[in-house]
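Subject: Structure for you to look at

Dear colleague,

I am handing over the structure we spoke about, with the sequence alongside. Please open it first, and then read the notes below with the coordinates on your screen.

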Amino acid sequence: MKEKEKKYVKKSDNYGETFATHAAIFFSPYDGIFVIDFLKPELRLPVVDERIAPYEGELEIATRVVMTYPSAKRLLELLATNVEKYEETVRKELQKMQKRTGQHEDNQSLYVG
C-alpha cells in the first residue's frame, strides 16, 4: 500500500513565537472584532549600593491578535478541549506517581507544575 504524501502548514514570512504569562481581551460589540493582547513580564534586577535589590518590573504587550467573532468562538472551543485533555493527562500522571510512591489521591503534598 502506498503511503500518503504529507502536507505541512506553511509559516508566514513574519512568523514568530512569543512567551506570554497573561492575556487581556477586548471586543467591539459593533463590528464583532476581538483583540487579544498577550503579555509577558519585563523584569529588571536593580543594584543599589552595590547590592542586588528585589526584582522590579511590569507586564508589557508581547503580541496582539485581532480576530473576528467566529474565529474567537472557535479558538475558545479548541482551547477548552485542549485544556480538558491536558488536565486528564496530568491527572493520570499524578495518579501513576501516587501509586508508585504509595500516596493517596487526597494527599495534597504532591504537586505537578
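I begin with a contact between charged side chains, that of Glu58 and Arg44, which meet in a salt bridge at 3.4 Å from N to O. Since Glu58 belongs to strand β5 and Arg44 to strand β2, the pair ties together parts that are 14 residues apart in sequence. Glu58 is partly exposed, with a relative accessible area of 45%, and Arg44 is likewise counted as partly exposed, at 38%. Please keep in mind throughout that this is a predicted model.

The structure holds six salt bridges, and two others among them also deserve your attention. Glu60 and Lys40 meet through their side chains at 3.9 Å, N to O; with Glu60 in strand β5 and Lys40 in strand β2, this pair ties together parts that are 20 residues apart in sequence. Glu60 has a relative accessible area of 31% and is therefore partly exposed, while Lys40 is put in the partly exposed class by its 29%. In the salt bridge of Arg64 with Asp37, the closest N and O atoms are 2.5 Å apart, and because Arg64 lies in strand β5 and Asp37 in strand β2, parts that are 27 residues apart in sequence are tied together. Is Asp37 buried or exposed? Its relative accessible area is 5%, so Asp37 is buried, whereas Arg64, at 51%, is exposed.

As for the overall fold, the protein chain has one helix and five strands, which run β-β-β-β-β-α from the N terminus on. Of the 113 residues in the chain, 7% are buried. Three of the strands form an open sheet in the order β1-β2-β5, paired in the antiparallel sense; its edge strands are β1 (22-28) and β5 (56-68), each of which pairs on one side only. On average, neighbouring strands of this sheet are turned by 25 degrees against each other, if direction is ignored. Between β1 and β2 there are seven bridges, in the antiparallel sense, and Phe26 has Val35 in β2 as its bridge partner. The hairpin of these two strands has four residues between them, and Gly32 there takes a positive phi near 65 degrees.

The loop between β3 and β4 (51-52) holds Asp49, and Glu50 is found in that loop too. Most residues other than glycine have a negative phi, yet Asp49 has a positive phi of about 50 degrees and Glu50 a positive one near 60 degrees. Asp49 counts as exposed at 70% relative accessibility, and so does Glu50 at 79%, so you may wish to look at both backbones yourself.

On the surface, Leu43, Leu45, Val47, Ile52 and Tyr55 make a nonpolar patch of about 570 Å². One of these residues, Leu45, lies in the loop between β2 (33-44) and β3 (47-48), and its relative accessibility of 41% makes it partly exposed.

Finally, helix α1 (residues 69-101) has 33 residues and reaches 47 Å from its first C-alpha to its last, close to the 48 Å expected at 1.5 Å a residue. After α1 comes Gly102, with a positive phi near 80 degrees.

With best regards

Terms used. Residues are numbered from 1 along each chain as its sequence is written. Side-chain values use heavy atoms; hydrogens and water are left out. Patches are made of residues with over 30% relative accessible area and no salt bridge: like charges are joined within 9 Å, nonpolar side chains (Val, Leu, Ile, Met, Phe, Trp, Tyr) within 5 Å. Accessible areas come from the Shrake-Rupley method with a 1.4 Å probe; for residues, only the protein chains shown count as cover. A salt bridge is a side-chain nitrogen of Lys or Arg within 4 Å of a carboxyl oxygen of Asp or Glu. Buried means under 20% relative accessible area, exposed over 50%, partly exposed in between (1.4 Å probe, protein chains only). The expected span of a helix is 1.5 Å times one less than its number of residues. Two strands pair if DSSP finds at least two bridges between them. Axes are lines fitted to C-alpha atoms, for helices over the stretch in contact, and angles run from 0 to 180 degrees between N-to-C directions.
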